[in-house]
Amino acid sequence: MSITRRYLMCRPTHFAVTYRINPWMDPTAPYDNALAVRQWDNLREIFLGLGHTVDLIEPLPGLPDMVFAANGGTVVDGRVLGVQFRDAERADEAPAYAGWFREHGFEVREPKQTNEGEGDILLAGDVLLAGTGFRTAHASHAETQEFLQRPVITLQLVDPAYYHLDTALCVLDEQNIAYLPQAFSPGSQSVLRQLFPNAIIATPEDAAVLGLNAVSDGETVVLPSQAVRLAADLNRAGYKTIGVDLSELRKAGGGPKCCTLEVRS
Ligand code: ARG
């Protein structure tokens, strides 16, 4: 069942690729800021067209990755777990996002460990799937469970190209997910098979265009337009799909989900 969602986004006004904190980023390669803004605007229009609410946080100069709002927090039942970035380049985004939540009436819990928000912590039905291995510290999973009061399932990421959980796994609805098995350790693959026996298995080709970095409202999945096979598999499983081209943001290692933080009141 589809419900109206509330998303927080950040216009890529200051988007740039000036440092390298994941294998997708090449600071020597060209990028087009104006095109990034147009592609992002299109994503926002798609969400509005689906009936969702989109809140905007003011983009700050000097924070080129701030467009990736998913890394701004984890919000469940109106509780906001703030973030702490691994890399100094993104550190100042944490207080900016926490400030937005406070201004909008939320209390924010500051994490004691590295935690990159919905990049690594995804609500799937009643449980939180939590990635670790590259960014979010394993130790933060305990404080995530304690504060958000949902069982946390730790998943070990093993491929540096899929450095955040949301690059390797997409929550489709309360019951199901899509994911790339190879991005996870053998033990985590086994856990995912047990929890989600009917999951949609993505191909390496679709994952490589960040196809799994998709946003689902339970009915419609907004995913990179280049992930053709995944879209067809989702359609076959009964989901509607909308393709969106975020090729400029992909140069920083981000797709639709990275740009979208769900605010669950
Ligand atoms: N360049 C950013 C970083 O490496 C991309 C973040 C993508 N966000 C996400 N939720 N996967 O931190």
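A cavity is here a set of points, on a 1 Å grid over the protein atoms alone, where a 1.4 Å probe fits but cannot get out, and its lining residues have an atom within 4 Å of a point. This is a predicted model in which local features need pLDDT of at least 70 and side-chain atom pairs count only at pLDDT 80 or more, while totals for chains, interfaces and linings use all residues. Residues are numbered from 1 along each chain as its sequence is written, and side-chain values use heavy atoms, with hydrogens and water left out.

**View 1. The ligand and its shell.** The largest cavity is the space taken by the ligand. Around the ligand stand 17 residues (those with a heavy atom within 4 Å of it), and the closest are N22, R90, R135, D166 and C258. By residue class, the shell comprises seven nonpolar, six polar and four charged residues.

**View 2. Polar contacts of the ligand.** In these contacts (pairs of N or O atoms within 3.5 Å), a polar side-chain atom of D65 and a nitrogen atom of the ligand are 2.9 Å apart, and a polar side-chain atom of N71 also lies 2.9 Å from a ligand nitrogen atom. A polar backbone atom of A252 is 2.8 Å from a nitrogen atom of the ligand. The protein buries 100% of the 350 Å² that the ligand exposes when taken alone (Shrake-Rupley method, 1.4 Å probe).

**View 3. The annotated positions.** An unreviewed UniProt entry lists H164 and C258 under "active site", an annotation that may be inferred rather than shown by experiment. Although spread over 95 residues of sequence, they cluster in space, with a largest C-alpha distance of 9.4 Å. Both H164 and C258 belong to the lining of the largest cavity.

Key:
A polar contact is a pair of N or O atoms within 3.5 Å; within protein, one must be able to donate a hydrogen and the other to accept it, and residues adjacent in sequence count only if both atoms are side-chain atoms. On a 1 Å grid over the protein atoms alone, a cavity is a set of points where a 1.4 Å probe fits but cannot get out, and a pocket is an open set with protein on both sides within 12 Å along at least five of seven lines; lining residues have an atom within 4 Å of a point. A molecule sits in a cavity or pocket if more than half of its atoms lie within 2 Å of its grid points. Ala, Val, Leu, Ile, Met, Phe, Trp, Tyr, Cys and Pro count as nonpolar, Asp, Glu, Lys and Arg as charged, and the others, Gly among them, as polar.
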